[in-house]
Structure formats: structure tokens, C-alpha cells
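Thank you all for making the time this morning. I would like to walk through one fold, beginning with its sheet and ending with a few loop residues, so please keep the picture in view as I talk.

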Amino acid sequence: MHVSQFRELLGRPFVNGDVEQDWAVVEARSGVAFPDDYKCFVTAYGPGCLNDQLYLFHPRAVGGDERLRLESLWEQTSYAYSELSRNAPELYTYSVHPEPGGCIPVARSVSGNHVFLAPPDAGYTDWFVIVEMGQWVLLRMSFTDFLWKALRGELEVPLLQGPPTFEPVGTVEP
């Protein structure tokens, strides 16, 4: 799905930045080449909150009370999930980045649930989405397909409610 389709739901992008500039450093540092649809959406809309319920993180985010810089989410999430999985491994069936092949956190709900991007595995050649809401839900779809369905209330998991909105939080480094 192309980012331009989100204008129907969210209006005009707020940042509409440069994908290469936004992602080169974080991809080089992490060794991860993120899926294009995800990078294009985050670059276009920037860091912010969907429906006052789901925070999206950006690789060059600055400012804002939520500190929506992508690498800070990775640090917080990887620490939390490693501790939690040590105590109850049966509840944490997916490894989290930076573990090899681990899913990568890209969004967090106001209630502390996470949305991850999972790299392709042996049975699937594309990135897909995993949502952790007390249980792990694997959604074999692209990030933008996931987001489109979530905003329209068409997901099997009730992640977003209400009419689609996007509120920018903070800014992106120049």
C-alpha cells in the first residue's frame, strides 16, 4: 500500500521528509534494512500518535514529552522483554531485537502494548507485523496494510478505536 492512500484517513503528511536521510544512520548502526513501506510512512508522517492511542517512533525524532526516537524504544523494549521472558519464557514466544532474528519494536500503545516488525523467516519472504497485547498476535501483512486495517477497525485485534487521527509529537532533526 502506498503512503499517499493514508491522506484519505489522516490528511496530508506532516513531515514528508527524505527517506535516505531519515534511515541511513539507523540502518547502518542496527544492520537492519527496514521494509520500504514502513520507512516511507514514518518519513512522511514523522513521530506522533494515532487515534490518541498508538505512538509511532522515528529514527531522527527530537523533542516532545514522549521521546519518540526509534532507538530509544528499542533499548527500553529489549530490556523489558528480556527480563520478562526470563521469568515467564512461555509467555514470550518471539525474540526481540537486538537478538539475532528478533522482531523490532516500532510502536507502543498508551497502555504499554507493542507493535513489532518481524523480519522474513523460513516460511515467509516479506516483513510482517506482530502485536503484543498480553498475548502475541502474528499478522502476516505489511506495516502499511496493518496500519490501514487498524485505522479502519478491520483488524482481528482491537488496537485502535475511534475515527482515524494522527497528531505529530516533537519534531525531526534537521
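Let me begin with a term: I will call a residue buried if its relative accessible area is under 20%, exposed if that area is over 50%, and partly exposed in between, with a 1.4 Å probe and protein chains only. What you are looking at is a predicted model, in which local features need pLDDT of at least 70 and side-chain atom pairs count only at pLDDT 80 or more, whereas totals for chains, interfaces and linings use all residues. Residues are numbered from 1 along each chain as its sequence is written, and side-chain values use heavy atoms, with hydrogens and water left out. When I say helix or strand, I mean a DSSP run, H or I of at least four residues for a helix and E of at least two for a strand, numbered from the N terminus.

The sheet comes first. It is an open sheet of seven strands in the order 7-6-5-4-2-1-8, and the pairing is antiparallel; two strands are said to pair if DSSP finds at least two bridges between them. Strand 7 and strand 8, the latter at residues 166-168, stand at the edges with a single partner strand each, so one side of each has no neighbour in the sheet. From one strand to the next the twist averages 25°. For the angles in this talk, axes are lines fitted to C-alpha atoms, for helices over the stretch in contact, and the angles run from 0 to 180 degrees between N-to-C directions.

Now, how many of the residues of strand 5 are buried? Five of the five in strand 5, residues 114-118, are buried, so that the strand is mostly covered. His114, Phe116 and Ala118 point one way from the strand, while Val115 and Leu117 point the other way. That fits the general rule that in a regular strand the side chains alternate between the two faces of the sheet.

Strand 5 has a partner on either side of it in the strand order. With strand 4, residues 104-109, the pairing is antiparallel over four bridges, and Ile104 has Leu117 as its bridge partner in strand 5. These two strands form a hairpin with four residues between them, and in the turn Gly112 has a positive phi of about 95°. With strand 6, residues 128-132, strand 5 is joined by five bridges, again in the antiparallel sense, and here the bridge partner of Val115 is Val131.

Let me turn to the helices that lie on the sheet. Helix 4 lies across strand 4, strand 5, strand 6 and strand 7, running at about 90° to strand 4. Helix 5 lies across strand 1, strand 2, strand 4, strand 5, strand 6 and strand 7, and runs at about 50° to strand 6. Helix 5, residues 143-151, is itself mostly covered, with seven of its nine residues buried, among them Phe143, Phe146, Leu147 and Trp148. After helix 5 comes Gly153, whose phi is positive, near 70°.

Just before helix 5, in the loop that follows strand 7 (136-139), sits Met141, which is buried, with a relative accessible area of 17%. Taking contact to mean heavy atoms within 4.5 Å, and leaving aside neighbours within four places in sequence, Met141 is in contact with Tyr124, Trp127, Phe128, Val129, Phe146, Lys149 and Leu155. Met141 and Trp127 are 14 residues apart in sequence, yet 7.6 Å apart in space, C-alpha to C-alpha.

Another helix pair deserves a word. The axes of helix 2 (residues 19-30) and helix 3 (residues 36-45) come within 9 Å and cross at roughly 120°. The contact is made by Val19, Asp22, Trp23 and Glu27 of helix 2 with Tyr38, Lys39, Cys40, Val42 and Thr43 of helix 3.

Finally, some backbone details in the loops. Asn51 and Asp52 each have a positive phi of about 55° although neither is a glycine, and both lie in the loop between strand 1 and strand 2. Which of them is buried and which exposed? Asn51 is buried, with a relative accessible area of 5%, whereas Asp52 is exposed, at 53%. Elsewhere, a cis peptide bond joins His97 and Pro98, with omega about 20°, and Pro98 lies in the loop between helix 4 (70-87) and strand 4.
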